Amino acid sequence: MANTAKSMLEECAKYMDYREGPDNDTIFGKWFGLNHEPWCAMFLSYCAAKSGNDDIIPRYAACLDGVRWFKDRGQWSETPSVGAIVFYGSGGGEHTEIVERFDDTYIYTIGGNTNNDGSANGNGVYRRKVSRTSPRTYGYGHPTYKNDEDLDMPKRVSLARKTELALKRNTVTHIPFDDEYSDGGDQHPDKGGPAFITGNSDYIATAAATISGIAPGITIQTRFLELNAKGEVVKEGPIEEALATSGNTYVTQTRAGGVCDPGNHVVWTIEVINGDTDGKVTYAEVQANYWPRPA
């Protein structure tokens with residue numbers, strides 16, 4: 001099996017000029033045995049089989065089945081990665097595509113049974129540009145790509161924290177991660193700790209957290225920090241600010257173009273500025289693509 005994002009994306013890109021026949025007549029539906037039906041999921045299933053990735057990407061015709069497959073394996077998040085399968089609509093059941101690349105603002109996808117406007121029942125295979133904050137985007141399934149055979153493709157780290165963590169006001173809290181879904185190398189050496197990029201690497205990272213117990217209007221700051229072996233801060237990323245809302249507050253931050261130097265590691269931090277009470281993190285995750293630099 002290939003098990004690379006590159007092979008999957010190259011297969012999907014082969015069909016960029018493909019348009020369906022009358023009544024959803026497609027080669028993908030014929031291959032699946034379910035022709036004349038909406039075929040966005042069957043398109044991705046077909047490409048996974050043809051590229052040798054059908055052991056890490058499900059064979060599915062209903063988008064909800066794809067969502068369930070990734071969630072059951074702990075390969076699900078609300079942040080993208082290269083080669084991730086994105087799901088749209090209520091519960092992810094409306095439409096599905098593959099992420100070709102992403103930046104701070106957009107995901108760039110390839111999708112079947114769509115059009116330039118992102119229809120869930122369009123007429124062909126299209127490349128699309130989708131805002132990362134679109135309310136239509138439900139989440140991402142992350143196949144367990146290896147990518148070892150292609151040095152131009154990034155390795156991936158996917159971590160989460162599902163247990164509560166206290167946030168003391170006016171204190172910079174390094175967010176530890178106790179659930180590890182993937183690690184392309186020894187990037188999470190403290191297993192349960194906050195380090196998610198370690199050593200000589202370029203990286204892109206997106207972190208997110210749900211925070212409770214903070215009064216509306218209170219400022220919350222997030223930041224990526226690079227620490228040396230002594231735990232001293234050697235590089236500070238930009239500060240991202242958000243205002244607490246009523247109920248739970250969701251914060252997210254992306255660090256693009258990051259560089260971690262040899263012997264150092266990168267963590268994500270949250271600080272509640274002033275306020276009358278401490279808060280808590282009820283969930284957090286970080287997704288990173290990284291490119292090891294030659295020694």
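## Exercises on a predicted model

In this predicted model, strands β13 (219-227), β14 (233-236) and β16 (249-260) each contribute at least two residues to the lining of the largest cavity.

**Exercise 1.** Determine which strand gives the most to the lining of the largest cavity, and describe that lining by class.

*Solution.* Begin with the count: there is one cavity of 30 Å³ or more. The space in the largest cavity is about 40 Å³. Next, list the lining, which consists of Tyr-203, Phe-224, Leu-225, Glu-226, Lys-235, Glu-236, Gly-237, Arg-255 and Val-259. Assigning these residues to strands shows that β13 gives the most, with three residues. Finally, sorting by class yields four nonpolar, one polar and four charged residues.

**Exercise 2.** State which strand gives the most to the lining of the largest pocket, and which residues lie nearest the centre of that pocket.

*Solution.* The largest pocket holds about 480 Å³ of space. Its lining comprises 24 residues, and those nearest the centre are Arg-132, Thr-133, Thr-206, Thr-252 and Thr-254. Both β6 and β16 supply at least two lining residues, and β16 gives the most, with six. By class, nine residues of this lining are nonpolar, ten polar and five charged.

**Exercise 3.** Characterise the second largest pocket by volume, central residues and contributing strands.

*Solution.* The volume is about 230 Å³. Of the 19 lining residues, Pro-143, Thr-144, Tyr-145, Arg-156 and Ser-182 are closest to the centre. Strands β7 (155-161) and β10 (179-183) each supply at least two residues of the lining. The classes are six nonpolar, nine polar and four charged.

**Exercise 4.** Establish the strand order of the six-stranded open sheet, and identify the helices that lie across strands β1 to β6.

*Solution.* The order is β1-β6-β2-β3-β4-β5, with antiparallel pairing. The edge strands, each pairing on one side only, are β1 (76-77) and β5 (124-131). Within the sheet, β3 (residues 95-102) and β4 (residues 106-114) are antiparallel and pair over four bridges; Phe-102 has Ile-107 in β4 as its bridge partner. Helix α1 lies across β3, β4 and β5, at about 115° to β3. Helix α4 (residues 63-72) lies across β1, β2 (85-88), β3 and β6 (137-141), at about 130° to β2.

**Exercise 5.** Decide whether Glu-11 is buried or exposed.

*Solution.* First locate the residue: Glu-11 belongs to helix α1 (residues 5-13). The relative accessible area of Glu-11 is 7%. The cut-off for buried is under 20%, so Glu-11 is buried. Leaving aside residues up to four places away in sequence, Glu-11 touches Cys-47, Lys-50 and Ser-51.

Notes
Residues numbered from 1 in each chain as written. Predicted model: local features only at pLDDT ≥ 70, side-chain atom pairs only at ≥ 80, totals over all residues. Heavy atoms only, no water. Buried < 20%, exposed > 50% of the residue type's maximum accessible area, 1.4 Å probe, protein only. Contact = heavy atoms within 4.5 Å. Pairing = 2+ DSSP bridges. Axes fitted to C-alpha atoms, helices over the stretch in contact; angles between N-to-C directions. 1 Å grid on protein atoms, 1.4 Å probe; cavity = no way out; pocket = protein on both sides within 12 Å on 5 of 7 lines; lining within 4 Å. Points joined across faces, edges and corners; volume = space filled by probe spheres on them. Nonpolar A, V, L, I, M, F, W, Y, C, P; charged D, E, K, R; others polar.
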